[in-house]
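Colleague: I have a chain here that I'd like to go through with you, one part at a time. Could you take a close look at a single spot for me and then work outwards from there?

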Amino acid sequence: LQVLVMELSDEKSEHVVSVATVDLLQDREGFTWKGHDRLAPRNGPLPFAPGFQPSVLVQCVPPAAVTAVTLHSEWNLVAFGTSHGFGLFDYYRRNPVLARCTLHPNDSLAMEGPLSRVKSLKKSLRQSSRRIRKSRVSGKKRLNASSPSSKVQEANAQLAEQAGPPEVEMTPVQRRIEPRSADDSLSGVVRCLYFADTFLRDAAHHGPTMWAGTNSGSVFAYALEVPSQEKFSERAVEAGGGEGVQLMHRGPAPVVAIAVLDGRGNPLPEPYEVSRDLAKAPDMQGSHSMLISSEEQFKVFTLPKVSAKTKFKLTAHEGCRVRKVALVSLASAGSEERLENCLACLTNLGDIHIFTVPGLRPQVHYGCIRKEDISGIASCVFTKHGQGFYLISPSEFERFSLSARNVTEPLCRLE
């Protein structure tokens, strides 16, 4: 329910932490918060040891758990999201830039606090059991039917199950995806936030943008007016009108990650690394692409028109759901100059799939984590060079690598 912005200091300090609030509902009618009140911050100067020292405390209203957060140190901005919406805060001038409510009109359950999640879970279980019973009944009816058309369908199914000659390439069968309810009480949850210097308003001018993805499959984009480093004290950051993209595939699929690719198809580098000459600047000559990963599929859109370019339906083809994704740069074992940018995806079955970008062609598929290890799958993170970590116990990490060059062998020596 709160975001702390910290600064690294070598010396101990005693100072007052600035406190700000961001109202994500913006006095939206029909919603009244029924949960606990926000925590009361301590007043006056506080002592802090050397290390990370808090400078700004941002509290969300309503006080719900923060589900996504990202920071842009060059623009002095921090974005955060909850189950009610997302906000953008300028921590240099200590003032909010924008707030957006993402609640559906039927999301009244989201206003009752954390205890309402139990009611929502029971409701979801009831709906699932009803769908299973309906599918069983309809399946029995189909089997009992003896019409000529049903017999033809049975014959076609038997033919499809027969193995064809090895040289014939069969078209992959897409699985049916169960539609989801759009008025679920968790549809307003913000799943990911992303900053990018790209083309949003037109193809001739690029500039700072902010993107937010939600549980309902919605993606919101904002063009930002960020002053130069010399004018930060004179001008405030401003946000333009929000534009939205809706990803619908038999119902809303939660958006897991958002990324922008430059004109060469490479992921945008970290702004801090570019400003310190630690990374190559992105290509701003060609048109950019936007990669949106949901729990069911990956989609690439062109910018600034935001028109669909290519997609891959992971759930329909593989029968699994996306849990974690990352854009990784894989170097050749023979030459460090040969690099290939790929999309790494961890599924709910513990498997890792590698895809090309921006073409989204499947490359390889590894078994990594046991599908029963829910904690390991939930804690998994990727590095940008193709390595990863996940918890194998509350105090131990397992390390793995997808790269032939950056392997996980210990490069050390004990005297």
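Which residues make the nonpolar surface patch of about 440 Å²?

Modeller: Bear in mind that this is a predicted model. The patch is made by Leu4, Met6, Leu8 and Phe52. Strand 1, residues 2–9, gives the largest share of it, three residues. Leucine 4 has its place in that strand, and with a relative accessible area of 44% it is partly exposed.

To put the patch in context, here's the whole protein. The accessible surface comes to about 23800 Å², and 51% of that belongs to carbon and sulfur atoms. The protein has 415 residues, of which 42% count as buried. Its elements are five helices and 25 strands. If you take the contacts between residues at least 6 apart in sequence, 57% of them join residues at least 24 apart.

Now go inside, to the nonpolar side chains that are covered. The largest nonpolar core has 19 residues, and the ones with the most contacts inside it are Leu77, Phe86, Leu88, Phe195, Met210 and Leu224. Two or more residues each come from strand 7 (77–81), strand 8 (85–90), strand 9 (95–101), strand 10 (190–198), strand 11 (207–214) and strand 12 (218–225). Leucine 224 is a handy place to stand: leaving out residues up to four places away in sequence, its contacts include Leu77, Leu88, Phe195 and Met210. Leucine 224 also touches Pro208, Thr209, Glu238 and Ala239. There is a second, separate core too, with 18 residues, among them Ala257, Leu261, Leu327 and Phe355.

While you're around strands 7 and 8, look at the loop between them, where serine 83 lies. Serine 83 has a relative accessibility of 6%, so it counts as buried, the cut-off being 20%. Its C-alpha atom is separated by 9.3 Å from that of methionine 111, which is 28 residues away along the chain.

Next, further along the chain, try strand 20, residues 339–347. Seven of its nine residues are buried, so you can call the strand mostly covered. On one side, nine bridges join strand 20 to strand 19 (residues 322–331), and the two run antiparallel. Alanine 331 stands opposite leucine 339 in that pairing. Strand 20 is also joined to strand 21 (residues 351–356), by five bridges and again antiparallel. Here leucine 346 stands opposite isoleucine 352. Strands 20 and 21 form a hairpin with three residues between them, and glycine 350 in the turn has a positive phi of about 85°.

That leaves the charged side chains. Opposite charges can pair when the charged atoms come close. In this model the count comes to eight salt bridges. One of them is between glutamate 295 and arginine 191, at 3.4 Å from N to O. Glutamate 295 sits in the loop between strand 16 (289–294) and strand 17 (297–302), while arginine 191 is in strand 10, so the pair ties together parts that are 104 residues apart in sequence. Strand 10 is also one of the strands giving two or more residues to the largest core. The two partners are covered to different degrees: glutamate 295 is buried, at 10% relative accessible area, whereas arginine 191 is partly exposed, at 29%. Arg191 and Glu295 also belong to a network of salt bridges that takes in Arg323.

The neighbouring glutamate 296 has a salt bridge with arginine 321, and there the closest N and O atoms are 3.0 Å apart. Glutamate 296 is in the loop between strands 16 and 17, and arginine 321 is in the loop between helix 4 (314–318) and strand 19, 25 residues apart. Glutamate 296 is buried, with a relative accessible area of 2%, but arginine 321 is partly exposed, at 21%.

For a last stop, take lysine 384 and glutamate 273, whose salt bridge has its closest N and O atoms 2.7 Å apart. Lysine 384 comes from the loop between strand 23 (381–382) and strand 24 (387–393), and glutamate 273 from helix 3 (residues 271–275), so this pair links distant parts of the chain, 111 residues apart. Both ends count as partly exposed: lysine 384 has a relative accessible area of 39%, and glutamate 273 is at 22%.

Methods. Residues are numbered from 1 along each chain as its sequence is written. This is a predicted model: local features need pLDDT of at least 70, side-chain atom pairs count only at pLDDT 80 or more; totals for chains, interfaces and linings use all residues. Side-chain values use heavy atoms; hydrogens and water are left out. A nonpolar core is a set of buried Ala, Val, Leu, Ile, Met, Phe, Trp, Tyr and Cys residues joined through side-chain atoms within 4.5 Å. Buried means under 20% relative accessible area, exposed over 50%, partly exposed in between (1.4 Å probe, protein chains only). Helices (H or I, at least four residues) and strands (E, at least two) are DSSP runs, numbered from the N terminus. Contact means heavy atoms within 4.5 Å. Patches are made of residues with over 30% relative accessible area and no salt bridge: like charges are joined within 9 Å, nonpolar side chains (Val, Leu, Ile, Met, Phe, Trp, Tyr) within 5 Å. Accessible areas come from the Shrake-Rupley method with a 1.4 Å probe; for residues, only the protein chains shown count as cover. A salt bridge is a side-chain nitrogen of Lys or Arg within 4 Å of a carboxyl oxygen of Asp or Glu. Two strands pair if DSSP finds at least two bridges between them.
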